[in-house]
Every structure is written in structure tokens, then in C-alpha cells.
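Here is a short set of questions and answers for a first look. Keep the structure in view while reading.

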Amino acid sequence: MSTELNLILFGPPGAGKGTQASRLREDFDLPYIATGDMLREHRENGSELGKEAESYMNDGDLVPDELVIKMIMEEIEGKGDDGFLLDGFPRSVGQADALGEEIERRGRRLTAALLVEASDEVVLQRITGRRQCSNGHVYHVEFDPPKHEDVCDQCGKPLTQRDDDKPETVEKRLKTYHGQTEPLVDYYDERGLLRRFDGTRSQTEVHDHIRATLATLRLEERL
Ligand code: AMP
């Protein structure tokens with residue numbers, strides 16, 4: 001029986017998915033595939049996909065499914081053969097169906113959908129203070145400041161605010177989350193795959209909780 005972990009991580013923007021993902025990928029040595037990071041890279045490189053995605057991203061809307069699904073499937077094909085950790089995909093029921101069909105076609109299955117939850121109020125406060133470097137290390141000006149203002153402790157790169165972390169766009173992203181992504185809570189619950197985590201706890205507490213859950217899941221996979 002395979003012991004690979006095929007995981008998705010979802011939840012509202014600012015619930016701590018990126019922070020948790022960077023810890024989990026070290027713990028479990030899983031290929032990490034983050035749609036938002038990939039799309040930002042495309043946007044910065046000015047690729048065709050980046051140009052098409054840009055206006056949706058800047059407005060806090062979802063990039064159309066046909067663009068994102070293709071991009072992610074190629075990535076899973078390329079590096080997700082022994083398991084994967086998807087961050088920011090799927091983000092709609094259409095994307096979840098596409099992912100499900102694709103991995104089933106390969107004779108694999110999803111291990112769990114990890115939901116990191118936080119209220120709109122908490123998320124707004126967190127995101128507007130968020131700063132990150134180009135390597136994806138994340139800080140908060142108040143709750144988790146870097147040692148030197150606007151410089152990454154880990155790699156020395158400058159820290160900046162994401163364009164879509166401005167308050168008006170965050171509100172739009174939250175609306176998009178509630179309208180399009182939140183239905184995935186029931187979707188994965190009905191399939192017995194949902195695992196919930198309280199994103200308002202400390203980063204270490206959330207991390208410990210997810211790690212314990214994954215260790216159990218992995219043991220179950222071996223049985
Ligand atoms: P994130 O870094 O995950 O918050 O993503 C930033 C932006 O990229 C989102 O607000 C969307 O515009 C776009 N995006 C990321 N993932 C997806 C996805 N799975 N489907 C559609 N758009 C996405």
C-alpha cells in the first residue's frame with residue numbers, strides 16, 4: 001500500500017496557509033505547489049499566462065479555471081509523483097472536480113484536505129500588516145516583525161507588501177473566498193477528507209496539530 005501524502009491546504013487568505021506549508025514541506029519532504037506563487041512568478045516574468053492572469057489577481061478575483069487547472073496539472077505531473085502539498089488549489093468546486101478526476105485517472109487519491117480557518121476580522125488585520133520577500137518568507141509588521149525593518153531575516157532580501165494585500169483588495173478576496181472556495185468545506189467533508197485547524201492559534205500550535213494529524217494519516221495509509 002502506498003504511503004504517499006497527497007494533500008491540499010485551503011482556507012481564507014491570511015489564515016496562515018503559506019507559513020504552515022513552509023514548515024510542513026520540511027517535516028514531510030513533500031513537493032510544494034503554490035498556485036499564488038506560481039501565478040505571481042508568471043506575472044513578473046510577463047509570460048502569456050501572467051498577462052492573462054494579472055487583472056484578475058489585482059482585482060482579488062479568481063483566475064479562470066482553464067488557465068489554472070492546466071498550470072497545476074503540469075506541475076503535479078512534473079514533480080508530484082511521490083505525493084504533494086497543494087496550497088491555493090483547488091479554490092472552487094470546478095477545480096476540485098478537475099483535480100479529483102485527474103488524480104483518480106493516475107490511480108492515486110487525495111489523502112486529506114487541510115482547512116486552516118480564521119474569521120474575516122482576524123484575516124484583515126493580519127494581511128494588511130503582512131510583508132514578504134521574493135523567496136516567500138513571510139512576516140507581520142506587528143506580530144512577527146523582522147529583526148531589521150523591511151529586510152528578510154532568512155535571506156536578506158527586501159520585504160514588500162503584495163499588491164493584493166491592500167485593504168480594499170483583501171475585502172474582495174474574502175468575498176471571493178466565501179462565494180467560491182468555502183463550498184469546498186462541505187465538498188471534502190462529504191468525502192471524508194476534511195481536517196480542520198484553528199488558524200487563530202499560534203503558528204507553532206497549528207503546526208503541531210497538523211503534523212500530528214498527518215502522522216496519524218500516514219500510519220493509517222500503511223495499514
Ligand atoms: P494566493 O497567493 O494563494 O492568495 O493567490 C493570489 C491570487 O492568485 C488570488 O487572489 C487569485 O487571483 C490567484 N489564484 C491563486 N490560486 C488560484 C486558483 N486556484 N484559481 C484561481 N485563481 C487563483
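Q: Which residues come nearest among the 16 around the ligand?
A: This is a predicted model, in which local features need pLDDT of at least 70, side-chain atom pairs count only at pLDDT 80 or more, and totals for chains, interfaces and linings use all residues. Residues are numbered from 1 along each chain as its sequence is written, and side-chain values use heavy atoms, with hydrogens and water left out. A residue is near the ligand if one of its heavy atoms lies within 4 Å of it. The nearest are Arg40, Asp61, Val63, Gly88 and Gln95.

Q: How far is a nitrogen atom of the ligand from a polar backbone atom of Gly88?
A: A polar contact is a pair of N or O atoms within 3.5 Å. At Val63, a ligand nitrogen is 3.0 Å from a polar backbone atom. At Gly88, the distance is 2.8 Å.

Q: Which helix gives the largest share of the shell around the ligand?
A: Helices are DSSP runs (H or I, at least four residues), numbered from the N terminus. Four residues of the shell come from one helix, spanning residues 35–45. That helix is α2.

Q: Where is Pro90?
A: The peptide bond from Phe89 to Pro90 is cis, with omega near 0 degrees. Strands are DSSP runs too (E, at least two residues). Pro90 sits in the loop between β3 (84–87) and α5 (93–105).

Definitions and conventions:
Polar contact = N/O pair within 3.5 Å; in protein donor to acceptor, adjacent residues only side chain to side chain.
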